[in-house]
Amino acid sequence: MTNFKTDIVVVGAGPAGLFSIFEAGMLKMQCHVIDTLENIGGQCSALYPEKPIYDIPAHPKVLASELIELLEAQASPFKPTYHLNQQVLKIDRQADDSFIVETSKNTKISCKAIIIAAGCGAFGPNRPPLDGIENFEGSSIFYSIRNKKEFIDKNVVIAGGGDSAVDWAISLAEITKKLYVVHRRDKFRCAPDSASKLKKLAESGKIEMVVPYQLEGLEGDNGLLKNVIVKDFDNNLKKLPADYLLPFFGLAMELGPILDWDLNLHKNHIDVDRSTMQTSQKGIYAVGDIASYQNKLKLILTGFAECASACHDIYKIVFPDQLYHFEYSTSKGVS
Ligand SMILES: Cc1cc2nc3c(=O)[nH]c(=O)nc-3n(C[C@H](O)[C@H](O)[C@H](O)COP(=O)(O)OP(=O)(O)OC[C@H]3O[C@@H](n4cnc5c(N)ncnc54)[C@H](O)[C@@H]3O)c2cc1C
């Protein structure tokens with residue numbers, strides 16, 4: 001039993017995945033898009049949302065987060081369905097050469113073609129190895145922040161020593177009741193300006209620095225945290241009253257199940273025919289960072305052109321009885 005039926009399943013909602021929706025839509029093909037992360041945007045959203053990009057054609061300077069908003073808006077007339085927070089685990093070819101794509105949340109989608117736009121693989125947060133952590137994830141423990149307001153007047157523990165931990169500490173210090181920053185060293189790996197802002201907030205009492213400590217345990221009931229236990233290098237324990245724990249230990253990237261899909265892989269990249277972006281498997285295409293061919297440039301703009309090549313080739317699979325006429329968007333419009 002499948003839950004959904006569509007023309008194309010796109011694996012990955014990074015810039016290449018998002019632009020695939022547009023290119024497919026212009027050719028009257030519908031897409032379902034799956035991503036492991038809880039937000040669309042791939043590396044742009046997860047790794048550098050606030051950084052300006054300078055080499056997107058016709059955008060002398062655009063923030064990575066703005067680029068993703070624009071790509072989402074450009075795709076939206078074609079009403080894509082996003083399945084976020086789930087990893088594509090399995091692709092099963094059917095007797096009629098269609099596919100059933102299955103995710104970690106048991107979503108099953110039947111489709112005629114697949115575009116793999118999986119970048120360097122599935123992202124996932126590095127989770128601290130704490131007993132029972134899964135009972136609190138999604139209610140009291142978050143690896144990314146969607147809505148700052150949730151933390152107003154709350155006891156919050158931020159753990160980690162990189163840019164994300166420091167930037168969020170600076171941003172939340174003004175609104176929380178009590179904010180702890182737990183880090184195993186007293187040095188932070190962040191921009192010097194952020195480090196001095198953090199120091200000032202700590203000196204003014206808006207943040208309590210818990211260094212050098214590391215996370216040791218969690219206390220609470222029914223998904224709601226009460227305390228975070230931390231430990232120093234002499235095994236001294238400390239209890240921090242906490243409504244929320246925000247661990248920022250970076251993201252892990254792994255190709256994971258893609259390795260089992262019987263594709264021509266080459267150093268964790270998928271070999272494609274550059275003229276069509278089809279992989280060694282009929283009906284399965286790859287675009288963006290994950291697609292490999294001679295002299296490939298891993299840039300966002302390269303990925304965009306690859307999406308167009310893939311979708312024009314997929315048209316023949318989705319509409320086998322229709323003659324394909326090339327048309328500019330200026331003649332076709334977006335409907
Ligand atoms: C700090 C930094 C700065 C950069 N600056 C520039 C720049 O200035 N200009 C430029 O052109 N490029 C830049 N890049 C590179 C650019 O971000 C990448 O080329 C681009 O993001 C690739 O897009 P993509 O859609 O192919 O893959 P990604 O953005 O990597 O997105 C892939 C998505 O696929 C998902 N995924 C993977 N496997 C699965 C699975 N099995 N199931 C479900 N989902 C899956 C991942 O979670 C991810 O969200 C920069 C990169 C970094 C890290």
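Here is a chat between two people about a predicted model.

Colleague: Let's start with the sheet of 5 strands; which strands stand at its edges?
Modeller: The strands of this open sheet come in the order β6-β3-β2-β10-β22, and the pairing is parallel. An edge strand has a single partner strand, so one side of it is left without a neighbour in the sheet. Going by that, the edges are β6 (81–83) and β22 (284–286).

Colleague: And how many bridges hold β2 and β10 together?
Modeller: Strand β2 covers residues 8–11 and strand β10 covers residues 113–116. One of the pairings puts Ile8 opposite Ala113 in β10. The two strands pair in the parallel sense, and the number of bridges is 4.

Colleague: Which helix lies across β2, β10 and β22?
Modeller: Look for a helix spanning residues 300–318. Against β22, this helix runs at about 175°. Its name is α6.

Colleague: Now α1 and α6: at roughly what angle do their axes cross?
Modeller: Two packed helices are described by the angle between their axes and the distance between the axes. For helix α1 (residues 15–26) and α6, the axes come within 9 Å. The crossing is right-handed. The angle is roughly 35°.

Colleague: What classes of residue make up that contact of α1 with α6?
Modeller: On the α1 side you'll find Pro15, Ala16, Phe19, Ser20, Glu23 and Ala24. They meet Ile300, Phe304, Cys307, Ala308, Cys311 and His312 in α6. Sorted by class, that gives 9 nonpolar, 2 polar and 1 charged residues.

Colleague: Over to β13; why is this strand called largely enclosed by the rest of the structure?
Modeller: Strand β13 runs over residues 178–182. A residue is buried when its relative accessible area is under 20%. β13 counts as largely enclosed because the number of its 5 residues that are buried is 4.

Colleague: Which helix does the chain pass through between β12 and β13?
Modeller: Strand β12 (residues 155–159) and β13 run parallel, joined by 5 bridges. One of those pairings is Ala159 with Val182 in β13. The crossover between these strands is a right-handed β-α-β one, and the helix, residues 163–172, is α4.

Colleague: Val182 turns up there, so which residue is its bridge partner in β14?
Modeller: β13 also runs parallel to strand β14 (residues 208–210), with 3 bridges joining them. Together with helix α5 (residues 192–203), β13 and β14 make a right-handed β-α-β unit. In β14, the partner of Val182 is Val210.

Colleague: There's also a sheet of 3 strands; what is its average twist from one strand to the next?
Modeller: This one is an open sheet too, in the order β15-β16-β17, and its pairing is antiparallel. β15 (214–221) and β17 (237–241) each have a single partner strand, so they stand at the edges. The twist averages 25°.

Colleague: In that sheet, which residue of β17 is the bridge partner of Val228?
Modeller: Strand β16 takes in residues 224–231 and runs antiparallel to β17. There are 5 bridges joining the two. The partner of Val228 is Leu240.

Colleague: Last one: is Thr103 buried or exposed?
Modeller: Thr103 is found in strand β8 (residues 99–103). Leaving out residues up to four places away in sequence, Thr103 touches Ile34, Gln86, Gln87, Val88 and Leu89. Its relative accessible area is 3%, so Thr103 is buried.

How values were computed: Residues are numbered from 1 along each chain as its sequence is written. This is a predicted model: local features need pLDDT of at least 70, side-chain atom pairs count only at pLDDT 80 or more; totals for chains, interfaces and linings use all residues. Side-chain values use heavy atoms; hydrogens and water are left out. Buried means under 20% relative accessible area, exposed over 50%, partly exposed in between (1.4 Å probe, protein chains only). Contact means heavy atoms within 4.5 Å. Two strands pair if DSSP finds at least two bridges between them. Axes are lines fitted to C-alpha atoms, for helices over the stretch in contact, and angles run from 0 to 180 degrees between N-to-C directions. A crossover is right-handed if, with the strands pointing away from the viewer, the path from the first strand over the helix to the second runs clockwise. A crossing is left-handed if the near helix is turned anticlockwise from the far one by less than a right angle, and right-handed if clockwise. Ala, Val, Leu, Ile, Met, Phe, Trp, Tyr, Cys and Pro count as nonpolar, Asp, Glu, Lys and Arg as charged, and the others, Gly among them, as polar.
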